[in-house]
Amino acid sequence: MASKRLVVDVHTHLYLPRYASLLRKRTDLPKIITRTRDDGQKEERLVILKDEPSGGRPVGPSYVERDEKLRFMKNHGIDISIVSTANPWLDFLSTKEAHELALQLNDDLDEYCSSGPTVPGTSMRQLYGFGLIPIVPNISTKSLLEAVRQISASSCLKGLIMGTRGVGNGLDDEALDPVWSAISEAGLTVFLHPHYGIPQETWGGKNNGHVLPLALGFPMETTIATTRLILSGVLDRFPSLRLLLAHSGGALPQLSSRLASCIDHDPIVASRLKHDARFYLGKLYLDAVCYGPEELGFVSDVLARSNRYETGSKNIVPGSRSVGSGRMLFGTDHPFFPPLSSSEKWKSVVENLDAINNVQDWTKADKDGVKGGNAISLFNL
């Protein structure tokens, strides 16, 4: 029972030293640049996309060094972290470079986790990881499957993080079916995370910094990518595939009934699916990076009602809010969005935990599950 009270962070990033070194050497985006601040101090900044506000974002030791990750965890009462390389992953590399670097970074991440400490009083490690596969345009299926096998052979790598770009035609490209099959058979979890957001011109001419692209663009990217997976039948062909969606699934829970209604009026699309679109939401896992108890409660309601929409189901009563909580997991998005003062707690931790603790009709067991117990079960820790 004690293990159920552990806090597990499933949405926490890093740039391994090998990866950071590559970004420092680059002259094209993405790259890490060094600039002098107004106070005369030098700082490194990561610039990912063209016309990125504020000349990118500052990157320091918390992005790279394991001791900083562990210090953050200790200061915020986090027992276990499932760490993952942050965007842009391998998207900017050639197929050969992406293949080679994916294997190297997976080895690096395995070492990062396996040589770290264990949770006191348990055999569990404090650090586990999501590996990488070289999912870039024109990559061979053989290269992708080699990376999947490498990840599945590691006791410390519990899945893989994946952006939405796919192999040129998106994640719903049927060329990825052998990969989805291998991931599913290996019992790995795919952490689906956004990167490109929505085109910059959408946000208008005012300088609103990173707010609109991150607050709205990222979740909408996840919403669209996941919807495409549903519409293409990926979740029908691979029903045991484990997908963990960043940022509480974006807008998909809120728009799921609208989506289902539109599908009903499109017989071609409807014929591809075995079930109502709302059924598939209950097969997903969502991180709880939402920061509002009302939003988290609503999302758990949407997940809980999914079995009503299975073809042939006679269940007309939605499941309880507690049922939906079983597919939600705590995350912090560390090391992004740091506090302004080094003495402050990170709001991404404090506000997220407060949200979880204040969801109406979640029991203590539900809340403990979201904070850590669900992750322990999902990743068989």
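**Strand pairing in the predicted model**

Leu 244 stands opposite Tyr 285 in strand 10. The model is a predicted one, and this pair belongs to the contact between strand 9 (residues 242–245) and strand 10 (residues 285–287), which run parallel and are joined over two bridges. Leu 245 likewise has a counterpart in strand 10, where Leu 286 stands opposite.

Strand 9 also pairs with strand 8 (residues 189–192), again in the parallel sense, over four bridges. Here Val 190 stands opposite Leu 243 of strand 9. Strands of a sheet pair through backbone hydrogen bonds, in either a parallel or an antiparallel arrangement.

These pairings form part of an open sheet of eight strands, arranged in the order 1-5-6-7-8-9-10-11 with parallel pairing. The edges are occupied by strand 1 (8–14) and strand 11 (328–329); each has a single partner strand, so one side of each lacks a neighbour in the sheet. In a regular strand, side chains alternate between the two faces of the sheet.

An antiparallel pairing is found between strand 2 (residues 31–36) and strand 3 (residues 42–47), which are connected over six bridges. Within this pairing, Ile 32 has Leu 46 of strand 3 as its bridge partner. Strand 2 and strand 3 constitute a hairpin with five residues between the strands, and in this hairpin Gly 40 adopts a positive phi near 90°.

How values were computed
Residues numbered from 1 in each chain as written. Predicted model: local features only at pLDDT ≥ 70, side-chain atom pairs only at ≥ 80, totals over all residues. Heavy atoms only, no water. Pairing = 2+ DSSP bridges.
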